[in-house]
Amino acid sequence: MSIQAPVRRITAPQIRARKGGDPIVSLTSYHAHTARLMDDHVDFILVGDSLGMVMHGMESTVPVTVDMMVMHGRAVMRGTRRALVVVDLPFGSYEGSPLEAFHTASRILKETGAGAVKLEGGKHMAETVRFLVDRGVPVMGHVGMTPQAINTLGSFKARGRDEGEADLILEDACAIAEAGAFALVVEAVAESLADRITQEVAIPTIGIGGSVRCDGQILVLEDMLGLSERVPKFVRKFADLGEQIEEAVVAYADEVRQRTFPGPENVYGAPAQKPAE
Ligand code: KIV
């Protein structure tokens, strides 16, 4: 093997090694510019299939395609140099068989340059996780409320709030961890269940509507910036950019109508005249 340039990005094994350590920080991003702003401050960036709803106005993540994930994954990679980038496998691109999952995951890793993929599901996806990991694909799992299953779940409400369902989700989490996933997103579950999962699995748990005791946290960027119309209970708004953007648009519209924009500083003068001979 020839000598390669050193890997400078955070890797999936480095995230895996953070179990029980300093909290892992992550956010979603779908574009080069927001990815660039967060690159120095987060450990990994998820190109989540939530982009279907957040960016494209879809009702759920079900219609999202592999082509969309590749396009947004590339944009995020172009905007970053440090954080691990993880790309979601979209609904319908991996559940059919481990081989189908490998084809989709390898295409995404090759065409985006991302360092890992994420897939949703519990026990029934464990064989697929093992298949991918054995073939060089780092996999992040996702249990609890799994948005791709909206049509069978019937709603985005929190899961695992009764003991029977909590036990099943715990079994799902253990199966995905034992199959070789390097980390596990735990979405919208009872806090006590997120705590049990965090204690029982040997890989970092990444909470989103989980517990402050998870090994890390993730939020959808647009939700925490105040750009989303409605957000779940587990979101804290760290800014109100939606309001600021609307104020800026109103100010711009006023200035255009009053002809105060563009101002003298925004226009180009005529080229200097050549002196007459
Ligand atoms: O698609 C997504 O943004 C996600 C996060 C909510 C974890 O899966």
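How many nonpolar, polar and charged residues are in the lining of the second largest pocket? The lining has eight nonpolar, seven polar and five charged residues. The model is predicted. This briefing covers that pocket, a nonpolar surface patch and two helix residues.

**Second largest pocket**
- The space in the second largest pocket comes to about 320 Å³.
- Its lining is made of 20 residues. Closest to the pocket centre are G121, G122, H124, T146 and A149.
- Two elements, β5 (139-144) and α8 (163-178), each give two or more residues to this lining.
- Helix α8 supplies four residues, the largest share of the lining.

**Nonpolar surface patch**
- Four residues, M53, V54, M55 and F156, make a nonpolar patch on the surface. The patch covers about 290 Å².
- One of these residues, M53, sits in helix α3, which spans residues 51-54.
- M53 has a relative accessible area of 30%, so this residue is classed as partly exposed. The partly exposed class lies between the cut-offs of 20% and 50%.

**L153 and its distance to R130**
- L153 belongs to helix α7, residues 150-153.
- The relative accessibility of L153 is 27%, and therefore L153 counts as partly exposed. Buried would require a value under 20%, and exposed a value over 50%.
- In sequence, 23 residues separate L153 from R130. In space, the C-alpha to C-alpha distance between L153 and R130 is 26 Å.

Notes. Residues are numbered from 1 along each chain as its sequence is written. This is a predicted model: local features need pLDDT of at least 70, side-chain atom pairs count only at pLDDT 80 or more; totals for chains, interfaces and linings use all residues. Side-chain values use heavy atoms; hydrogens and water are left out. On a 1 Å grid over the protein atoms alone, a cavity is a set of points where a 1.4 Å probe fits but cannot get out, and a pocket is an open set with protein on both sides within 12 Å along at least five of seven lines; lining residues have an atom within 4 Å of a point. Grid points are joined across faces, edges and corners, and a volume is the space filled by probe spheres set on the points. Ala, Val, Leu, Ile, Met, Phe, Trp, Tyr, Cys and Pro count as nonpolar, Asp, Glu, Lys and Arg as charged, and the others, Gly among them, as polar. Patches are made of residues with over 30% relative accessible area and no salt bridge: like charges are joined within 9 Å, nonpolar side chains (Val, Leu, Ile, Met, Phe, Trp, Tyr) within 5 Å. Accessible areas come from the Shrake-Rupley method with a 1.4 Å probe; for residues, only the protein chains shown count as cover. A salt bridge is a side-chain nitrogen of Lys or Arg within 4 Å of a carboxyl oxygen of Asp or Glu. Buried means under 20% relative accessible area, exposed over 50%, partly exposed in between (1.4 Å probe, protein chains only).
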